[in-house]
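Me: Could you take a close look at the place where the two chains of this model meet, and walk me through it in one go? I work at the bench, so plain words are welcome.

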Amino acid sequence: MLLRTVALTLTSFVLTTGIALAQAPAGQDEFVPLSSLPPGQELPAAPLVLASYASFLLLMMFYLWTIWRRINKVEQDLDALKRRQGAASR
Amino acid sequence: MRKIFLPLLVITAALFAYSPYYINQAPYESTMLLVQKIFYYHFATWMAGATAVIVCGVASGYYLFKGSVVADRVAVATAELGVIFGAFGLISGTLWGRKAWGTWWAGDARVSMALVAELIFIGYLLVRKYGGPGSEKLSAAMGVFGAATAPFIYKSVDWWRTIHPKTSVMSSLNDTPGGVIMWNIVLFCTLAFMLLLTVVLAARMRLEELRADLDRLYLEAED
């Protein structure tokens, strides 16, 4: 249990620190027109928009699934306990 | 709540199903063009997340001073929702910033404070799960202080000027015809996220009630 907690905390720390340390790129000395950029450096917007909406959908589906799974688990435990109590009282 | 749960769920699902079509009708913002469309879910998720953490803070305070068990259940459920909405807010902001600002992480006051708030509420849930007996009160104190960060996060863009737009950008939307359409879509998405918050909160509260029933039965069985 303790090992799991420590692992979870460390993973969260490493992930968030990694993001926090990713600083803005260094400034440039002159303007560069979009047309003179090499094709690889022109960043398309559509994949970012799609990734954003897809990440919301996936995150929410996963979260709803975890709630559903936890409710099922507790209901199963409740039923098992009630059955055990019923058997003991007989 | 159980009677209106299903109608609320259907309405929420319908709003979310319609939202991509509605967002597609929004005019392009002049400098950011397509990537600005992330804004509609990004803003709405932060509104839902802020509501969740403020409710968590109030419920935590009420639990600390009055000892209300229901308030404690509301607090733990909203803390979890605050983490979920906050995570999506950070992810969508990162994706938007990559195109609009040329960086994944601007590291300005608002995003840094939002990350800290996210960590506080992850800490809340960790304390709650692994803290053992008495962790409810400890996590409640974390909930109060976590919620206290919300107004600072909101006003940070006005107090510390960075690349992040000021809060006045929202009220300026109504000044132009295209802006009015954008504003209506913002309100639509915010309503959808608020309903989602309500529906998921109800489901999460049900889980807490069942856990309380299970604990009560275990205690009865031990007696």
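**Where chain A meets chain B**

Reply: Happy to! In this predicted model, the contact involves 36 residues of chain A and 43 residues of chain B. Putting the two together buries about 3,600 Å², and 77% of that area comes from carbon and sulfur atoms. On the chain A side, the residues that lose the most area to chain B are Y53(A), F56(A) and Y63(A), which together account for 17% of what that side buries.

Let's turn to the charged and polar links. The rule finds one salt bridge across the interface of chain A and chain B. Its partners are R70(A) and E80(B), whose side chains come together at 2.8 Å, N to O. This pair links helix α2 of chain A, where R70(A) sits, to helix α3 of chain B, which holds E80(B). For context, a search of the whole structure gives ten salt bridges over all chains. As for polar contacts between chain A and chain B, four residue pairs are counted, with both residues at pLDDT 80 or more.

Which parts of chain A build its side of the contact? Two helices, α1 (2-21) and α2 (46-89), each supply at least two residues to the side of chain A that touches chain B. The largest share comes from α2(A), with 22 residues. Sorted by class, this side of chain A has 24 nonpolar, seven polar and five charged residues.

Now for the partner, chain B. This chain has seven helices and zero strands, so to speak a run of α-α-α-α-α-α-α from the N terminus on. Along the principal axes, the C-alpha atoms of chain B fill a box of roughly 70 × 40 × 25 Å.

One feature lined by chain B helices deserves a look as well: the second largest pocket, with a volume of about 1,200 Å³. Its lining has 49 residues, and the closest to the pocket centre are H42(B), F43(B), W46(B), R110(B) and H164(B). The elements of chain B that give two or more residues to this lining are α2 (39-66), α3 (69-100), α4 (109-130), α5 (135-159) and α6 (168-171). Of these, α3(B) gives the most, with ten residues. By class, the pocket lining has 30 nonpolar, 15 polar and four charged residues.

To tie the two views together, helix α3 of chain B carries E80(B), the partner of R70(A) in the salt bridge between the chains, and α3(B) is also the element that gives the most residues to the lining of the second largest pocket. On the other side, α2 of chain A holds R70(A), and α2(A) also brings the largest share of the chain A side that touches chain B.

Conventions. Residues are numbered from 1 along each chain as its sequence is written. Chains are lettered from A and ligands numbered from 1 in the order in which they are written. Side-chain values use heavy atoms; hydrogens and water are left out. Contact means heavy atoms within 4.5 Å. Buried area is the accessible area (1.4 Å probe) that two parts lose on being put together, summed over both. A salt bridge is a side-chain nitrogen of Lys or Arg within 4 Å of a carboxyl oxygen of Asp or Glu. A polar contact is a pair of N or O atoms within 3.5 Å; within protein, one must be able to donate a hydrogen and the other to accept it, and residues adjacent in sequence count only if both atoms are side-chain atoms. Helices (H or I, at least four residues) and strands (E, at least two) are DSSP runs, numbered from the N terminus. Ala, Val, Leu, Ile, Met, Phe, Trp, Tyr, Cys and Pro count as nonpolar, Asp, Glu, Lys and Arg as charged, and the others, Gly among them, as polar. On a 1 Å grid over the protein atoms alone, a cavity is a set of points where a 1.4 Å probe fits but cannot get out, and a pocket is an open set with protein on both sides within 12 Å along at least five of seven lines; lining residues have an atom within 4 Å of a point. Grid points are joined across faces, edges and corners, and a volume is the space filled by probe spheres set on the points.
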